[in-house]
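Let us walk through this structure step by step, beginning with one pair of helices and moving outward from there.

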Amino acid sequence: MDVYSFEKSFLERLKEAEAVLSWDGAAMPASQVRSEWKSYVELKIEPTGWQAMWKIPRVICEDLKLRFPTIVFGYVDQVIFDELKAVFVVTAVQDQDVHLPESNEVSLIELWPTLQQENPALNVDTTAECIDRLRFFYSHVWMPWDKDYDDDRDWVQMHLQARIQLACDLSKNRLPRPLALHMRTLLMEARYIQQRLEYLELDLSDAEAESDDEAVELNDNAVDPPKKLSKTGGSPKSNNLNKSLLPVTDLMCLHLRLAIIRSEFEILENPEMRRAYSELQSNGLKRHLLQRNPVSVGQSPENVQRSQMCHLVTVPSELQTQINLLTLAKQLVNPHIPVQLGNTLQDVLNISQAKDDILLSPGQHTIKFLEHLNDNGSIKGLVAAEAIIASNQDISKLPVICSSDEDSILMVIDGDYTLSRLVLDCRHVRRGILLRDGMLTLRNCRILGDGSSSTQEAIVCMPQAKLELENCVLENFAVGISLRPETSAQLNKVTIRKCNTGLELLDQTIKLKLQDGYCIFDTCKLGILADGIVLPNSSEKTLALKRFSDLQRYNEDNWLGNCTFSNCLRNVRAYNQSEQLLAKRTHQSLLLDELDCENKENIN
């Protein structure tokens, strides 16, 4: 089943928004913007009866413990124009394990009308076009803090064209890559915080309503005056109060983080400030290159030849410990390659060049990386490989790379790169590694998730990317490894432990090789998920299999090797291609749209 999709230019997007937000030359305050969209939607959208796909937002998937993205099919029972929402009735789900209420109140921008409709009399073309305009505006133009602007300022004049131009520049990669990645990360985080705030505020209002109802009921049934309870015994009411403090604290933290994002984004929203930001980064890199390779007379700094270098990053420790680390590093570094001592891993990543090697001491190395890793470089830990894999090892004594709480991805790889003898702590990010292109090699690495999220992924491979894992452990993720179409992966001595889904094979074009018997799926809810499998003579949506060899029969050319399953609830599950809710092209489009930090909106 296909959904409506649109490809529009920057000028078309701008004219569409101006047509909705035109006040015949009069200034339009931010408080009036939503009202104008309500009026437009009421004129254009069919009020009931049209069918659509609902792409469930990440924040709801997390609360309902669903896989992300989860897409379901149904129809709109009623459009709530005042709230830009709809009452959506779910009629079909791809995964029978997904249990949702039949009727749900959802945002219009979460719906994708389908091309096939049971009622041909409905004007779904206009409905889909209207939702596309609304989705683009609230996904790329309107910011969560815009509602706080003063009414004496013309929001349209100040922001509309600049924001659409920014969305276009991000889509077409017209900004320097570190800056573009940073801005996309800020935008994505701001949208997520907005959804989370709305969800928490709704929970708090429901809890307050329940407390009021309980109080009324107690007063109505009271005979004797209430007795004072002892401090040690506590009461149900006091316990509920303590429980309610947690979402209040979360609200405060989210509001604070959103204010920080707003202050930073409002600076970068200005084209002149973006240019200054990029020049500052570029000048810092040039200064570093000049320090490494002094310029001869008459030579331009831009023409300085890059030389391979090894960076050594250590955390503060005793002198003898530092000497031991240098001794170990001496065994790993080519004697002809210059070595530079770095203060932090973040500093080194900001200045590293092609083919540079980075050596890390044991300890925690926090990064907020704004550039992709590529150019045949590597990061290696100064520790024995056996220590990384040992399950009883204290990770504080190992080289650990982690991220700040607000980051969505720990690392983005878009070229050949190697990671070895490292612990990647992904407990504060939604995705560990996003492999966009090239070959990523991991040797003797441990990747850790938080063990509670239903949406967290360890490694995601985009089309054409190649992955090689040797002697690695991935544990406590929603998804261990997700392979998209046209990817390839080779796993040797890999253990995927305590994941909801150990390995996702989302297309039959994937090339997978599991070294016989050396790959283990341990205590996973589902070991391997294979999507889009042609199951002859079968009308079932899914097929449960016990062995990887049973799955190989459906793709003998591309899926090689064998593996072991230990204490998994289900070993292998194949989804029938003929029973898919979405057409293959549409499904892949919606999956790609969710790969964070890359704006995939259709702007030509």
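In this predicted model, a good place to begin is where helix α4, residues 124-141, packs against helix α5, residues 155-171, at an angle of about 90 degrees and with the two axes 10 Å apart. Because angles of 65 to 115 degrees count as roughly perpendicular, α4 is described as roughly perpendicular to α5. On the side of α4 the contact is made by F136, F137, H140 and V141, while α5 contributes W155, L160, R163, I164 and A167. Sorted by class, the residues of this contact are 7 nonpolar, 1 polar and 1 charged.

Some of these names return when we turn to the interior. The largest nonpolar core has 75 residues, and the members that touch the most other members are L21, W37, W50, L111, F137, W155 and L160. Helix α6, which spans residues 177-221, supplies the largest share of this core, with 10 residues. To see how one member is surrounded, consider L21, which, leaving aside residues up to four places away in sequence, touches M28, V33, E36, W37, F137, W155, V156 and L160. There is also a second, separate core, made of 62 residues, and among them are V348, I358, C472 and V572. In soluble globular proteins, nonpolar side chains tend to be buried together.

Two residues in strands let us compare opposite surroundings. Is D425, which belongs to strand β14 (residues 423-425), buried or exposed? Since buried means under 20% relative accessible area, D425, with a value of 8%, is buried. Its side chain is joined to that of R427 by a polar contact of 2.8 Å, and, again not counting residues up to four places away in sequence, D425 touches V400, I401, C402, S403, L410 and L448.

L341, by contrast, lies in strand β7, which runs over residues 339-342, and with a relative accessible area of 63% L341 is exposed, because the cut-off for exposed is over 50%. L341 also shows how the fold can bring together parts of the chain that are separated in sequence, for L341 and V313 are 28 residues apart along the chain and yet 6.1 Å apart in space, taken from C-alpha to C-alpha.

Stepping back to the whole protein chain, we find 13 helices and 29 strands, and of its 604 residues 51% count as buried. Finally, among the contacts between residues at least 6 apart in sequence, 66% join residues at least 24 apart.

Note on methods. Residues numbered from 1 in each chain as written. Predicted model: local features only at pLDDT ≥ 70, side-chain atom pairs only at ≥ 80, totals over all residues. Heavy atoms only, no water. Core = buried A, V, L, I, M, F, W, Y, C linked by side-chain atoms within 4.5 Å. Buried < 20%, exposed > 50% of the residue type's maximum accessible area, 1.4 Å probe, protein only. Helix = DSSP H or I, 4+ residues; strand = E, 2+ residues; numbered from the N terminus. Contact = heavy atoms within 4.5 Å. Axes fitted to C-alpha atoms, helices over the stretch in contact; angles between N-to-C directions. Parallel < 35°, antiparallel > 145°, perpendicular 65-115°, else oblique. Nonpolar A, V, L, I, M, F, W, Y, C, P; charged D, E, K, R; others polar. Polar contact = N/O pair within 3.5 Å; in protein donor to acceptor, adjacent residues only side chain to side chain.
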